[in-house]
Amino acid sequence: MSTAAGPAAPTRAEAPPSAPARPRPAAWLLAAAVALAAVNLRPVVTSLGPLLDDVRADLGMSAGVAGLLTAVPPLCFAVFGLAAPGLARRIGPIAAIAAGIGAVTVGVAARAFAGGTAAFLLLTALALAGVALANVLLPVVIKRYFPDRVGPMIGLYSMALSVGTAVAAAATVPLTGALGGSWRAGLGLWSVLAAAALALWLALALRRREGGENAGRARARRLPIARSGTAWALAVFLGLQSTGAYATMGWLPKIYQDAGVPDATSGILLALVMAVSVPASFVLPNLAVRRGDQRLFVVVLGLCGIAGYTGLALAAGTASWLWACLIGLSMCAFPLALTMIGLRARTPGGVAQLSAFAQSVGYLISIPGPILVGGLYQATGRWYLPLGLLGLLLLPQMLVGSRAGRDRHIEDEVPAVPAPA
């Protein structure tokens, strides 16, 4: 059954609350809220990297603790993402996202005043917990309130996520300099953008008041999600994609610098990787929804990554921009995975469970990758083995992605069971 014309009709027990009758201005407001939330999901991480040396020096942070920060984001995404469906059942997904954005706002603002390493880590974890809630629940809101616009809305979400990632990475240092050079001002500034998103989501939560009725609907059907082969395929696909993405974002400038590329140019090439994904992240979900079966896209993106990593290993200093563009395209496996999450379940409740499972398991899988890449480089002093590993991991990524990309629903694989009261 093709999904090109939109997801199959949800059951009566979990039908979205009169989404088609929503006034058009409200639809635009909710779309703007989705985009603004997505912009705030990565600056908590990407704004820290350029200022990490200053943070370490000021707080007396050891190199080991600084290295631990690379593993904290996926760990928080995995652990706190599991709590998202339960919170959404109790207070509704919009209120839950508002709570998540609130945690981002408070965490990012307060860590700028942290007096020690422990407080800084705890407040960063608070912000990342909020990111985890929004990571899981934004696809749920899209499925519930835009059931016939899943592709365009996932595209908007993914594009805004890429914009937030790139802007925070590129603008944090110049903005810090303009604000007097203090890392506290440079990191705390991003809480202003989060506060704007929070105000919008709070207004939506107060207007819609989803809690009780929708929570009852969500409790009516629960899926033994771990029995679904599609859910596992999506989780592993996300995990392998995140492994490559985190390793690339962390090590790409060093790879180029070791090939003789100037430091400033290596930073521009990393920005190019992110910039390529901005328009592609919008276009790809729309194409994926129209096709119904996403296996072709999985394979094409995987081949782009293999070509990019091979080019980096053999000739990073030659046609550097080409390898950056190819790797940037391969990273669009993430918006493709988000699209598949929205399409592989028939109902918002199913999407919530699938999103939490796939993202939590996927982020856990991704944790060792960047550490292993750094270890291989340290042991050999060359990038052949680390880049070979990243290229090799794209083979199972294409395999499990092809399994996840088939036109089917998890409700057809596992029977729904009543949830405990």
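Buried means under 20% relative accessible area, exposed means over 50%, and partly exposed is in between (1.4 Å probe, protein chains only). This is a predicted model, where local features need pLDDT of at least 70, side-chain atom pairs count only at pLDDT 80 or more, and totals for chains, interfaces and linings use all residues. Residues are numbered from 1 along each chain as its sequence is written, and side-chain values use heavy atoms, with hydrogens and water left out.

**Exercise 1. Find which residues of helix H3 are buried, and where they lie around the helix.**

Step 1. Locate the helix: H3 covers residues 52-59. Helices (H or I, at least four residues) are DSSP runs, numbered from the N terminus.

Step 2. Pick out the buried residues, which are Leu52, Val55 and Leu59. Looking down the axis of H3, you find them within an arc of 60°, so they line one face of the helix. The arc is that of the directions from the helix axis to the C-beta atoms.

Step 3. Turn to the face pointing away from the buried side: Asp53 and Ala57 are the exposed residues there.

Step 4. Move just past the end of H3, where Gly60 has a positive phi of about 70°.

**Exercise 2. Work out what lines the second largest cavity.**

Step 1. Set the rule. On a 1 Å grid over the protein atoms alone, a cavity is a set of points where a 1.4 Å probe fits but cannot get out, and lining residues have an atom within 4 Å of a point. Grid points are joined across faces, edges and corners, and a volume is the space filled by probe spheres set on the points.

Step 2. Count: there are six cavities of 30 Å³ or more. The second largest holds about 110 Å³ of space.

Step 3. List some of its lining residues, among them Leu240, Tyr309, Met331 and Gln397. Helix H13 (229-258) and helix H20 (384-404) each contribute at least two lining residues.

Step 4. Sort the lining by class: seven residues are nonpolar, four are polar and none is charged. Here Ala, Val, Leu, Ile, Met, Phe, Trp, Tyr, Cys and Pro count as nonpolar, Asp, Glu, Lys and Arg as charged, and the others, Gly among them, as polar.

**Exercise 3. Follow the salt bridges of Arg295, Arg346 and Glu413 to their partners.**

Step 1. Recall the idea: side chains of opposite charge can pair when their charged atoms come close. A salt bridge is a side-chain nitrogen of Lys or Arg within 4 Å of a carboxyl oxygen of Asp or Glu. The model has six of them.

Step 2. Start with Arg295, whose side chain meets that of Asp293 at 2.6 Å, N to O. Arg295 is partly exposed at 37% relative accessible area, whereas Asp293 is buried at 18%.

Step 3. Next, Arg346 pairs with Asp412, with 2.9 Å between the closest N and O atoms. This pair links distant parts of the chain, 66 residues apart: Arg346 is in the loop between helix H17 (333-343) and helix H18 (348-366), and Asp412 is in the segment after H20. Asp412 is exposed, at 51%.

Step 4. Finally, Glu413 bridges to Arg403, the closest N and O atoms being 3.8 Å apart. Glu413 is partly exposed at 23%, and Arg403 is partly exposed at 27%. A network of salt bridges links Arg403, Arg408 and Glu413.

Notes:
1 Å grid on protein atoms, 1.4 Å probe; cavity = no way out; pocket = protein on both sides within 12 Å on 5 of 7 lines; lining within 4 Å.
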